[in-house]
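Hi,

Here is the structure I promised to pass on. Have a look at it first, and then read my notes below.

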Amino acid sequence: MEREQVTPRSYPTNLIDKDWANRKHMGKKNSQSFLNAVHDMELRDDDVWIVTLPKCGTTWMQEFLWLLLNDFDFEAALATDQEIRTPFLEFGFLVHDDGERSFGPLRVLKSPRLIKSHYPLALLPSKLWEGKHKVIYVFRNPIDAWVSGYYHGVTLGFYYGKTLNQYFDEILSTDDFATEKIQHAHEFYQLRNKPWIFYTTFERMKKDLRGVIVEVSRFLNKPIPEQQMERLLKHLSFEEMKKNPTTNHRWEMAQAVHKNAGKEEHPFVRRGEVNGYKDELQPEQIEKANECIKRVLEKNNVTLDELLLLKDS
Ligand code: A3P
């Protein structure tokens, strides 16, 4: 997909005081009018948003959130693709170049809507910045997310024929890729204590899924009946999600347009580990990635341990 620098229609200056004009935003080529429509989007009072960078555990958290918001209707969750139950805002536009395929399904979705987006703070609907809607944000160690993104990109056809090391060479050839990702997370990290933001990480979910579930249920003020908890934990386990057709993005895959899509397939729920990159990348590549991430973090005055919530502050 061809990308270019895009300009948000306005900036969340009420939330974060920084030089927004110099914060570079990238988007799909010719997406300005779609982005403007997202900026001006009307929301319903009870909309809930899941915002993440790709491959950070979105699907995992989203499956939990949908069940929490829908009275633990496991039968419906197992019967209907996740993307239909809880749409990915920009998908229709990104894949089909058609804004209506993004906004249409949202218009007819019953409340409370759970909406997914990978857009950074400044490209989300400006109504969200008023802090009247709940937003759940999930971050993950970037190197794990990038490895995961590589395999997803191979399946979708974009990176078919490219090795993991070649992919890393490309994304690390400048600091731009890491900058885009780290700024995305850092902006939400800065908002983590706002009452309408719940910021967590893949690493926390792996360590204590039950604990994160309880915290989110308090955040959304939706208690979980004790008898649902065990079924919920089982439904959300790696093994169950791996074999569940509705959580493996088959609906999205069926719309993949790249000529190499599906030539080499990797499961969506693939490995699900923390630090899995360590046995997938060459040591020199890991060192290069760490150095790049460190440079970008320093510029943003934050550490990886902070963004991963490994260090309370
Ligand atoms: P890996 O490719 O490293 O395995 P997203 O939904 O944001 O695209 O994130 C996808 C990543 O989350 C994949 O990582 C996937 O395996 C992992 N994942 C999905 N469900 C999971 C679960 N129940 N437990 C652990 N990891 C899970």
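**Around the ligand**

Helix α2 gives the most to the shell around the ligand, contributing three residues. Keep in mind as you read that this is a predicted model.

The ligand is surrounded by 18 residues, and the closest are Thr-58, Thr-59, Ser-148, Arg-271 and Gly-272. Two helices, α2 (58-69) and α13 (238-243), each supply at least two residues of that shell. If you sort the shell by residue type, you get eight nonpolar, six polar and four charged residues.

What do the polar atoms do here? Oxygen atoms of the ligand turn up in each of these three pairs:

- The side chain of Thr-59 has a polar atom 2.5 Å from a ligand oxygen.
- In the side chain of Ser-148, an N or O atom sits 2.6 Å from an oxygen of the ligand.
- For Cys-56 the backbone takes part, with a polar atom 3.0 Å from a ligand oxygen.

On its own the ligand would expose 570 Å², and the protein buries 97% of that.

**The cysteines**

Cys-56 brings me to the next point: how many disulfides does the structure hold? The count is zero. The closest cysteine sulfur to that of Cys-56 belongs to Cys-292, and it is 16 Å away, so the two are too far apart for a bond. Looking from the other end, the sulfur of Cys-292 has Cys-56 as its closest cysteine partner, again at 16 Å and too far for a bond. For a disulfide the sulfur atoms would have to be within 2.5 Å. As for cover, Cys-56 is buried, with a relative accessible area of 1%, and Cys-292 is buried with a relative accessible area of 1% as well.

**Asp-47 and its surroundings**

Next, find the loop between α1 and β3 (48-52), where Asp-47 lies. Is Asp-47 buried or exposed? Its relative accessible area is 2%, so Asp-47 counts as buried.

Its side chain has polar partners. A polar atom of the Asp-47 side chain lies 2.8 Å from the backbone nitrogen of Arg-44. The Asp-47 side chain also makes a polar contact of 2.7 Å with the side chain of Arg-113. Setting aside neighbours within four places in sequence, Asp-47 is in contact with Arg-113, Ile-115, His-133 and Lys-134.

If you want a sense of scale, try Asp-47 and Pro-267: they are 220 residues apart along the chain, and their C-alpha atoms are separated by 30 Å.

**Two more helices**

In helix α6 (residues 100-108), the buried residues are Ser-102, Phe-103, Gly-104 and Leu-106. What do they pack against? The answer is α1 (32-39), α5 (91-96) and β4 (114-117).

Last stop: helix α9 (residues 176-190), which contains Gln-183. With a relative accessible area of 16%, Gln-183 is buried, because that value is under the 20% cut-off. Leaving out residues up to four places away in sequence, Gln-183 touches Arg-23, Lys-24 and Asn-300.

If you would like one place to begin, go for the ligand and look for Thr-59 and Ser-148, which are among its closest residues.

Cheers

Definitions and conventions:
Residues numbered from 1 in each chain as written. Predicted model: local features only at pLDDT ≥ 70, side-chain atom pairs only at ≥ 80, totals over all residues. Heavy atoms only, no water. Helix = DSSP H or I, 4+ residues; strand = E, 2+ residues; numbered from the N terminus. Buried < 20%, exposed > 50% of the residue type's maximum accessible area, 1.4 Å probe, protein only. Contact = heavy atoms within 4.5 Å. Near = heavy atom within 4 Å. Polar contact = N/O pair within 3.5 Å; in protein donor to acceptor, adjacent residues only side chain to side chain. Areas by Shrake-Rupley, 256 points an atom, 1.4 Å probe, with all protein chains shown as cover. Nonpolar A, V, L, I, M, F, W, Y, C, P; charged D, E, K, R; others polar.
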